[in-house]
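Student: Please pick one part of this model and take me through it closely, then show me how the rest of the chain is laid out around it. I do computational chemistry, so spell out the cut-offs as you go.

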Amino acid sequence: MKKKILMSFLSLIGIVIIAGGAYAYYIYNSAKAAADKMHETVKSTSITTTASSQNGQPISILLLGVDQRKNDPGRSDTIIVMTLNPKKGTTQMISIPRDTRALIAGRGTMDKINAAYAYGGTEMALETVENFTGMQMDYYVRVNMKALKELVDAIGGITVNNTIDWYDEGYYKKGYHYKKGEIHLNGAQALGYVRMRHLDPEGDFGRNKRQRKVIEALIQKATSITSVTKFTSILNTLGDNVKTNMTFNDMLTIEKNYRNAANKITQYEVKGTNTTINGVYYLSVSDAEKEKVAQMLRQNLSNN
């Protein structure tokens, strides 16, 4: 199941090759156009612009989920450092909680790690995560949360197994009942489903689990779509809401050469202690935990 989640997620950013008979040429060109629209570069010198994917070396990818609003750059509420090692056939996903207290690159101040994006966009978020983990990133993928809503609607909704019962506080529609059990969600309902955290006994950790459920359900359905109309809608949504320093050739190379990296997937979430400083909540991470995370990353980025 985890293998499907990883490979399917990558397909959402144009990394999967879809065989479609008479549609294949059309789809290829549509995917390339979407990929070209997604591509961007940042000024940060830490980004490995000649990344190792072309020669099959282990690579690192920073995934940022950003909730952007009008006249507001937003914050990167989802931060995942992913490493892929094709030789070992391993993939590692390390989640950094958004409230993690970290040194913000370029500012020299301690703040919540998700504030780096608000202060300095992708470049500052990248440098802050790199400083926190001690690892340089080869690639990054930034996804606007708006994409989740539009993607769910583009494929006709999704079905998830909801493990807790609650009434919406207004993320989707105040008073809406998210019943326990199997529920069908449209785009707006799905966004409300993953945003809720105050009514979840597990807080942010519970919300992260729901995010993974929605992503899994969305992608399982998206990858089974054969309708060109729906596929085009998905590509258009991606092009408008996803930005990455990957080129279309990078995407094709990764899809071709790194499939076996999904043979074994490990997931880890950075641990810390709840701390309140000047009335503000943080997750404080010890030096020992940071070194543990750095060691995990180094291990999967090594062929030894």
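Tutor: What follows is a close look at strand β6, and then at other parts of the chain.

Some ground rules: this is a predicted model, where local features need pLDDT of at least 70, side-chain atom pairs count only at pLDDT 80 or more, and totals for chains, interfaces and linings use all residues. Residues are numbered from 1 along each chain as its sequence is written, and side-chain values use heavy atoms, with hydrogens and water left out.

The chain has nine helices and 14 strands, where helices (H or I, at least four residues) and strands (E, at least two) are DSSP runs numbered from the N terminus. Of its 304 residues, 51% are buried; buried means under 20% relative accessible area, exposed over 50%, and partly exposed anything in between, with a 1.4 Å probe and protein chains only.

Now for β6, which spans residues 139-144. Five of its six residues are buried, so the strand is largely enclosed by the rest of the structure. Which strands does β6 pair with? One partner is β1 (residues 59-66), which runs parallel to β6 and is joined to it by six bridges. In that pairing, Leu63 has Val141 as its bridge partner. The other is β11 (residues 242-244), antiparallel to β6 over three bridges, with Arg142 opposite Lys243. For the record, two strands count as paired if DSSP finds at least two bridges between them.

Zoom out and you get an open sheet of six strands, ordered β11-β6-β1-β2-β3-β12, with mixed pairing. Its edge strands are β11 and β12 (264-269), each pairing on one side only. From one strand to the next, the twist averages 15°; axes here are lines fitted to C-alpha atoms (for helices, over the stretch in contact), with angles from 0 to 180 degrees between N-to-C directions. Further along the order, β2 (residues 76-85) and β3 (residues 90-95) are antiparallel over six bridges, and Ile80 sits opposite Ser95.

There's also a hairpin of β4 and β5. Four bridges hold together β4 (residues 101-104) and β5 (residues 109-112), which run antiparallel, with Ala102 opposite Asp111. Four residues lie between the strands, and Gly106 has a positive phi near 85°. Thr109, in β5, counts as partly exposed at 36% relative accessibility. Setting aside neighbours within four places in sequence, Thr109 is in contact (heavy atoms within 4.5 Å) with Ala102, Leu103 and Ile104.

On to helices. Two packed helices are described by the angle between their axes and the distance between the axes. For α4 (residues 146-154) and α5 (residues 187-195), that's an angle of about 135° and axes 7 Å apart. The two are therefore oblique to each other: angles under 35 degrees count as roughly parallel, over 145 as roughly antiparallel, 65 to 115 as roughly perpendicular, and the rest as oblique. Their crossing is right-handed, which is to say that the near helix is turned clockwise from the far one by less than a right angle, while anticlockwise would be left-handed. Leu148, Lys149, Val152 and Asp153 of α4 meet Gly187, Ala188, Ala190, Leu191 and Val194 of α5. That set divides into six nonpolar, one polar and two charged, with Ala, Val, Leu, Ile, Met, Phe, Trp, Tyr, Cys and Pro taken as nonpolar, Asp, Glu, Lys and Arg as charged, and the others, Gly among them, as polar.

Val194 turns up again beside Arg207, which belongs to α6 (residues 204-222). Buried or exposed? Arg207 is buried, with a relative accessible area of 8%. Not counting residues up to four places away in sequence, Arg207 touches Arg98, Val194, Arg195, Met196, Arg197 and Asp200.

One backbone oddity to check: most residues other than glycine have a negative phi. Asn278, though, has a positive phi near 55°. Asn278 sits in the loop between β13 (273-277) and β14 (280-284), and counts as exposed at 79% relative accessibility.

Finally, for the chain overall, 67% of contacts between residues at least 6 apart in sequence join residues at least 24 apart.
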